[in-house]
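This report looks at one protein and the spaces inside it. Please have the sequence and the model open while reading.

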Amino acid sequence: MGQTKTRASPAKKGKMEAAAAAAEPREPTKRDVAAWLKGHDPKDLTIATAVSHSSLQIFHGAKQEGFRTLGIAAGERDVRYYDAFPKAKPDRMLKLKRYSDLVGLAEKLREDNVVLIPHGSLVEYLGPDNYVHIGLPIYGNRGVLHWESDRDLQRKWLTAARIRMPRKVKDAASIKEPVIVKYHGAKGGRGFFIAKTPADFKRHIKPGEPYTIQEFVLGTRYYLHYFHSPLVKDGYKVAGAGNGQLQLLSIDRRDESTIDEMGRLGTHRDLEEIGITPTFVVTGNIPMVIRESLLPEVFRMGEDVVKEAKRRFGGLWGPFCLETVVTDQLEFRVFEISARIVAGTNPFVGGSPYSEMIAPGLSTGRRIAQEIKLAARTGQLGKILS
Ligand code: AMP
């Protein structure tokens, strides 16, 4: 017997679709943001973020620029360490059971003129879905997350911006040179491993977990901290993306446990014989400067990434970071982009060798606060919030 399908009439179908759309959270549009801002007092904004990652720096910068500040903590998180840093301690602390509870509090927080500053841990704790849907104004383009979190889309974006990325290895059987195997969604390099042969790969791979294999680029790592302002029209201008300003605020290198200190115990081969393999877990950050002759390419890359973002998904503004390896041919390979403040900016709460040549003591946290202040003063908040 054939299967009988019950068909809804077009009118009923329309109603059903509308009901489904109402039930399903959707990504806020420019119009939503404009409506939220109608209720905002631009002279009395509160800068809020989750207390982790770069929050000390974000609050410190916000306070320097005269903003009210709100820390968001969930679960059993101990926030007492904030008492030790009075110039960064937020004015108020919102304690939640779970970070996802923030979604239900959005309306109340909007009444309080809250602007959310995203960082990697906030996105992770909230969950990517809640993050892109939450009904709170977020500094930056929240939609970038779709392009950043999907490795294939990220590669499309960056290669269109004439960025060289590590070669992708399609088949583990063809591993001839050292590769790095990355599990999808792995945070902070946890679980990544290096393989030099197909046998190496087989020995380490966890069955059932999706992964990507990349050429392991030999060289030195630099994490470049940019800031793009669509509002300021002087300095290094990004032609083709509204002539906004591109700044290089600082550079760091991550300290990664255990790979960065493994040499103290023996060669990788010695250690592998006794079952110790390197891990890439970020534990801290070290300030860096790069050869001055590489700066033209640093700016060229930042500029083209911003231009391509504008062309593809409405733009990239605020802080972002290109994670690079410089080869002995003095060429950059970019293995990742972070489209918001990175924790590598934390060594520069009091300024960096680069930001010092822009304004004394300028941190990325303070630069964010300055941008929001400028937008509020000139009625342009709708341009930088999403
Ligand atoms: P990621 O999570 O992609 O930022 O990578 C974590 C760490 O793995 C980086 O900080 C680097 O130390 C290392 N890494 C990632 N990709 C590569 C690569 N293609 N070549 C060399 N090292 C890499």
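The text below covers the ligand site and then the cavities. The model is a predicted one.

**The ligand site**

The ligand is surrounded by 16 residues. V217, Y223, E256, E323 and E336 are the closest of them. Sorted by class, the shell holds 8 nonpolar residues, 7 charged residues and 1 polar residue.

Three side chains place a polar atom at a short listed distance from the ligand, as the table shows.

| Residue | Ligand atom | Distance |
|---|---|---|
| Q214 | nitrogen | 2.9 Å |
| E256 | oxygen | 2.4 Å |
| E336 | oxygen | 2.8 Å |

On its own, the ligand has 480 Å² of accessible area, and the protein covers 95% of that area. Several strands take part in the shell: β5 (179-183), β7 (211-215), β8 (220-229), β10 (244-258) and β13 (332-338) each give two or more residues to it.

**The cavities**

A cavity here is a space where a 1.4 Å probe fits but cannot get out. How many cavities of 30 Å³ or more does the count give? There are 3 cavities of that volume.

The largest cavity has a volume of about 90 Å³. Its lining consists of 13 residues. Those nearest the centre of this cavity are P118, Y139, G140, A339 and R340. By class, the lining of the largest cavity has 9 nonpolar residues, together with 2 polar and 2 charged ones.

The second largest cavity has a volume of about 70 Å³. Which residues line the second largest cavity? They are R151, D152, Q154, R155, M165, K168, T212, Q214 and F335. This lining divides into 4 charged, 3 polar and 2 nonpolar residues.

Two elements, α8 (151-160) and β7, each supply at least two residues of the lining of the second largest cavity. The most comes from α8, which gives 4 residues.

**Shared parts**

Some names appear in both sections. Q214 lines the second largest cavity, and a polar atom of the Q214 side chain lies 2.9 Å from a nitrogen atom of the ligand. Strand β7 gives two or more residues to the shell around the ligand, and β7 also supplies at least two residues of the lining of the second largest cavity.

Note on methods
Residues are numbered from 1 along each chain as its sequence is written. This is a predicted model: local features need pLDDT of at least 70, side-chain atom pairs count only at pLDDT 80 or more; totals for chains, interfaces and linings use all residues. Side-chain values use heavy atoms; hydrogens and water are left out. A residue is near a molecule or strand if one of its heavy atoms lies within 4 Å of it. A polar contact is a pair of N or O atoms within 3.5 Å; within protein, one must be able to donate a hydrogen and the other to accept it, and residues adjacent in sequence count only if both atoms are side-chain atoms. Accessible areas come from the Shrake-Rupley method with a 1.4 Å probe; for residues, only the protein chains shown count as cover. Ala, Val, Leu, Ile, Met, Phe, Trp, Tyr, Cys and Pro count as nonpolar, Asp, Glu, Lys and Arg as charged, and the others, Gly among them, as polar. On a 1 Å grid over the protein atoms alone, a cavity is a set of points where a 1.4 Å probe fits but cannot get out, and a pocket is an open set with protein on both sides within 12 Å along at least five of seven lines; lining residues have an atom within 4 Å of a point. Grid points are joined across faces, edges and corners, and a volume is the space filled by probe spheres set on the points.
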